[in-house]
Amino acid sequence: HLHPSNPQMAPMLKAAECRAKGGAPGFKVAILGAAGGIGQPLSMLMKMNPLVSVLHLYDVVNAPGVTADISHMDTGAVVRGFLGQGQLESALEGMDLVIIPAGVPRKPGMTRDDLFNINAGIVRTLCQGIVKSCPNAVVNLISNPVNSTVPIAAEVFKNAGIYDPKKLLGVTMLDVVRANTFVAEVLGLDPREVSVPVVGGHAGVTILPLLSQVKPPCSFTPEETEYLTKRIQDGGTEVVQAKAGAGSATLSMAYAAVKFADACLRGLRGDAGIVECAFVASQVTDLPFFASKVRLGRGGAEEVYQLGPLNEYERVGLEKAKKELAVSIQKGVSFIKK
Ligand code: NAD
Ligand code: LMR
């Protein structure tokens, strides 16, 4: 019975380690919260990503099982599992990219902000690990409420003197994925042909789809605009209600997380013209953080793009979004400052 914990496995693991160390091309990626609803499919999809040479799977429960399972996939990445806080620093040692889907999900009737009390502390602990083991890594933060957890991470990194605003990205890709899907349905197009910028943040009215900037160029009636905007803003709640107490979006989120992580890795590799939406430190508005299109490169989010021309409906939406965002950002900052 060969299990990664069995000494008989040592030679085989060693061969894999050598392959990983011997310059097998690719990046080292850690997933924190790898045994969760998002974490498991995300780990599987990252094991299939040819840009990944080493994949570290960390959780406070069930990491060995998920690791043993995923390690049998005959793809290139070497997989290692890490269980519990005592192994956090080794899980993060030398990582290029850290993806964080750790934390509790919503149940029906909850807002994302209701998760703050539990998830803020989890994100703080994990970011302290990043400070110690991989201060130069790019971080993709998924844990909710993203509008507050990204400012929390920034404060932890600032306190440690390692903050690089280009390397901290709140993942809002699921909003874009949903927007592409719902807009394609209305237009009768294949979603792969549709690109919708979604800006602002990742909760309710802070999610602001820019339907006037959809590609390919198109126009919507006021009713379509209202329907699409609401559906995109409430996409997370739609899934929470359908799952009826069993959690929130996990599979579409894992898909979105991998789409975003892959874009980050292609940027790190030096590919040109990689542009995606993300919640980042920003000067696009008067708020310190805002989601908009960013250009991903060797240094992370190397360029943050302006919003472009907005119509009246979007200008009103922007003001609403900013009001709520300001409160959520401040709540995150105060959590660390106090
Ligand atoms: P889940 O409960 O299924 O999984 C969370 C995992 O995190 C569990 O395996 C748990 O053991 C682990 N965990 C808890 N504390 C930890 C710690 N201190 N260190 C490491 N791991 C820890 O939840 P899920 O459905 O996977 O959702 C995870 C988070 O992602 C939630 O906060 C959810 O709201 C958020 N989310 C964000 C988006 C987005 O678009 N950004 C989308 C969906 C879900
Ligand atoms: C989502 O948008 O699906 C996530 O933020 C999870 C949630 O609570 O809605």
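In which loop does P145 lie? P145 belongs to the loop between β5 (138-141) and α6 (146-159). The model shown is predicted: local features need pLDDT of at least 70, side-chain atom pairs count only at pLDDT 80 or more, and totals for chains, interfaces and linings use all residues. Residues are numbered from 1 along each chain as its sequence is written, while chains are lettered from A and ligands numbered from 1 in the order in which they are written.

**View 1. The cis peptide bonds before P145 and P216.** The bond from N144 to P145 is cis, with omega near -5°. K215 and P216 are likewise joined by a cis peptide bond, for which omega is about 0°. P216 is placed in the loop between β8 (207-209) and α8. Helices (H or I, at least four residues) and strands (E, at least two) are DSSP runs numbered from the N terminus.

**View 2. The packing of helix α7 (residues 173-187) against helix α8 (residues 222-233).** The axes of α7 and α8 come within 9 Å and cross at roughly 150°; axes are lines fitted to C-alpha atoms, for helices over the stretch in contact, with angles from 0 to 180 degrees between N-to-C directions. The two helices α7 and α8 are therefore roughly antiparallel (over 145 degrees; under 35 is roughly parallel, 65 to 115 roughly perpendicular, the rest oblique). Their contact is formed by D175, R178, A179, F182, V183 and V186 of α7 together with E224, L228, R231 and I232 of α8 (C-beta atoms, placed from the backbone, within 7 Å). The residues of this contact comprise six nonpolar, no polar and four charged (Ala, Val, Leu, Ile, Met, Phe, Trp, Tyr, Cys and Pro are nonpolar; Asp, Glu, Lys and Arg charged; the others, Gly among them, polar).

**View 3. I232 in helix α8.** I232 is buried, having 23 other C-beta atoms within 10 Å (buried means 20 or more such atoms, exposed 12 or fewer, partly exposed in between, with C-beta atoms placed from the backbone). Leaving aside residues up to four places away in sequence, I232 touches D175, R178, A179, F182, V198, I207 and P209. The C-alpha atoms of I232 and V183 are separated by 9.3 Å, although the two residues are 49 residues apart along the chain.

**View 4. The surroundings of ligand 1.** Of the 33 residues around ligand 1, G33, G36, G37, A102 and N144 come nearest (a residue is near if its C-beta atom, placed from the backbone, lies within 6 Å). Helix α5 (residues 116-133) supplies the largest share of the shell around ligand 1, four residues. The shell of ligand 1 contains 18 nonpolar, 13 polar and two charged residues.

**View 5. The surroundings of ligand 2.** Ligand 2 is surrounded by P105, R106, R112, N144, L174, G235, G236, V239, V240, S248 and A249. Helix α9 (residues 235-243) gives the most to this shell, with four residues. By class, the shell around ligand 2 holds five nonpolar, four polar and two charged residues.

**View 6. Positive phi at N62 and A244.** N62 is not a glycine, yet has a positive phi of about 60°. N62 lies in the loop between β2 (52-59) and α3 (63-71) and is partly exposed, with 16 other C-beta atoms within 10 Å. A244, not a glycine either, has a positive phi of about 50°. The loop between α9 and α10 (251-269) contains A244, which counts as exposed with 9 C-beta neighbours inside 10 Å.

Key:
Two residues are in contact if their C-beta atoms, placed from the backbone, lie within 7 Å.
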